[in-house]
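User: Could you walk me through this one, question by question? I'm new to reading structures, so explain the terms as they come up.

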Amino acid sequence: MTDTIQGLFRLDGKVALVTGGSRGIGRAIAAAYVEQGAKVYISSRKPGACDETARELGDSCIALPMDISTVDGCRALADALAEHEDRLDILVNNAGAAWSEPFETFPESGWDKVMDLNLKSPFFLTQALHGMLKAAATQETPAKVINITSIDGLRLNPWDTYSYHASKSGLIYLTKRMAARLIEDRIVVSSIAPGPFASDMNRAARDHADAVAKRVPLGRIGTPQDIGATATFLASRAGDYVVGDTVVLDGGMTNAALGAPMEE
């Protein structure tokens, strides 16, 4: 079926792991992968939410709750997955955190929490799963690692989110570095930089969608279909030739002309 354009986007027989998969962007990605035929493991630090989402998405979705904010947690998740599978075709590093506080009082705890989960964990989880990714990878069907970054790694937002900006810009460049190394093992690394999507992290888009949409050139916030389709493209045969790059998914916000008038 992969000889057809439609078939290029199928994920039949693939095994995927989506961190932060119980809600928001991670849930949308997991749902898209299940729809395209993959067996999807989702992880989050809250077992109840993880189990509930897995039930909602059906038999092809399995909960593996884990706190991956530490290297030990990353290794524990890799060990848990290895109890069920001997290979991993797709890893989506989506789990993340944010912290906003004025410059004068921004705490070390807000720096470390965000940098550890957003930047350190994607590296060490990928490292822990390297063997399983290599087991799935071939010249014809490379394994995939997709890092969920942010347009806040490319442009400033109006809030005091110092560690979030640093972590996401760092992850965009780390994607390039990891891609340059892991392509040797036929593991393709890329990233998606979402703009405004409704989520617990982006409460402005969640709670004030119409107001946020006025600042988006396309005139709306992102939908689960937007992120699900893009993540499917990168995970599937269709995205095999995208190596080390970041797909910006923001309705035009990053590339909007500076100083252009916006509707109030």
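Analyst: Sure, let's start with a word we'll need a lot: buried means under 20% relative accessible area, exposed means over 50%, and partly exposed is in between (1.4 Å probe, protein chains only). Helices (H or I, at least four residues) and strands (E, at least two) are DSSP runs, numbered from the N terminus. This is a predicted model, where local features need pLDDT of at least 70 and side-chain atom pairs count only at pLDDT 80 or more, while totals for chains, interfaces and linings use all residues. Residues are numbered from 1 along each chain as its sequence is written, and side-chain values use heavy atoms, with hydrogens and water left out.

User: How many of the six residues of β5 are buried?

Analyst: A143, V145 and N147 point one way from β5, while K144, I146 and I148 point the other way. That fits a general pattern: in a regular strand the side chains alternate between the two faces of the sheet. Both sets are buried here. The strand is largely enclosed by the rest of the structure because the number of its residues that are buried is six of the six.

User: In β5, which residue is the bridge partner of N93?

Analyst: N93 has its place in strand β4. Two strands pair if DSSP finds at least two bridges between them, and β4 and β5 do so in the parallel sense over four bridges. Within β5, the bridge partner of N93 is N147.

User: Is N93 buried or exposed?

Analyst: Look at what N93 touches: leaving out residues up to four places away in sequence, the list is T19, P122, L125, T126, V145, I146, N147 and I148 (contact means heavy atoms within 4.5 Å). Its relative accessible area is 4%, so N93 counts as buried.

User: What is the length of the polar contact that joins the side chains of N93 and N147?

Analyst: A polar contact is a pair of N or O atoms within 3.5 Å; within protein, one must be able to donate a hydrogen and the other to accept it, and residues adjacent in sequence count only if both atoms are side-chain atoms. The N93 side chain makes one with the side chain of T126, at 3.2 Å. For the side chains of N93 and N147, the value is 2.9 Å.

User: Through which helix does the chain cross from β5 to β6?

Analyst: β5 and β6 pair in the parallel sense over six bridges, and K144 has V188 as its bridge partner in β6. The β-α-β crossover between these strands is right-handed, which means that, with the strands pointing away from the viewer, the path from the first strand over the helix to the second runs clockwise. The helix on that path is α7.

User: And at β2, which residue in β3 is the bridge partner of Y41?

Analyst: Four of the five residues of β2 (residues 39-43) are buried, so this strand is largely enclosed by the rest of the structure. β2 pairs with β1 in the parallel sense over five bridges, and with strand β3 (residues 61-63) in the parallel sense over three bridges. In β3, Y41 has as its bridge partner I62.

User: Which element supplies the largest share of the largest nonpolar core?

Analyst: A nonpolar core is a set of buried Ala, Val, Leu, Ile, Met, Phe, Trp, Tyr and Cys residues joined through side-chain atoms within 4.5 Å. The largest one has 31 residues, and L17, L81, L88, L91, L129 and L133 touch the most other members. Elements that each supply at least two residues include β1 (15-19), β5 (143-148) and β6 (187-194). The largest share is six residues, and it comes from α7.

User: What is the angle between the planes of F106 and Y162?

Analyst: Rings of Phe, Tyr and Trp (its six-membered ring) pair if their centres lie within 6.5 Å; planes under 30 degrees apart count as stacked, over 60 as edge-to-face and the rest as tilted. The whole structure has three aromatic pairs, including F103 with Y162, which is edge-to-face at 5.8 Å centre to centre and 70° between the planes. F106 and Y162 are also edge-to-face, at 5.6 Å centre to centre, and the angle between their planes is 90°.

User: Is F103 buried or exposed?

Analyst: Ring pairs link F103, F106 and Y162 into a cluster. F106 counts as buried at 17% relative accessibility, and Y162 counts as partly exposed at 31%. F103 has 61% relative accessibility, so it counts as exposed.
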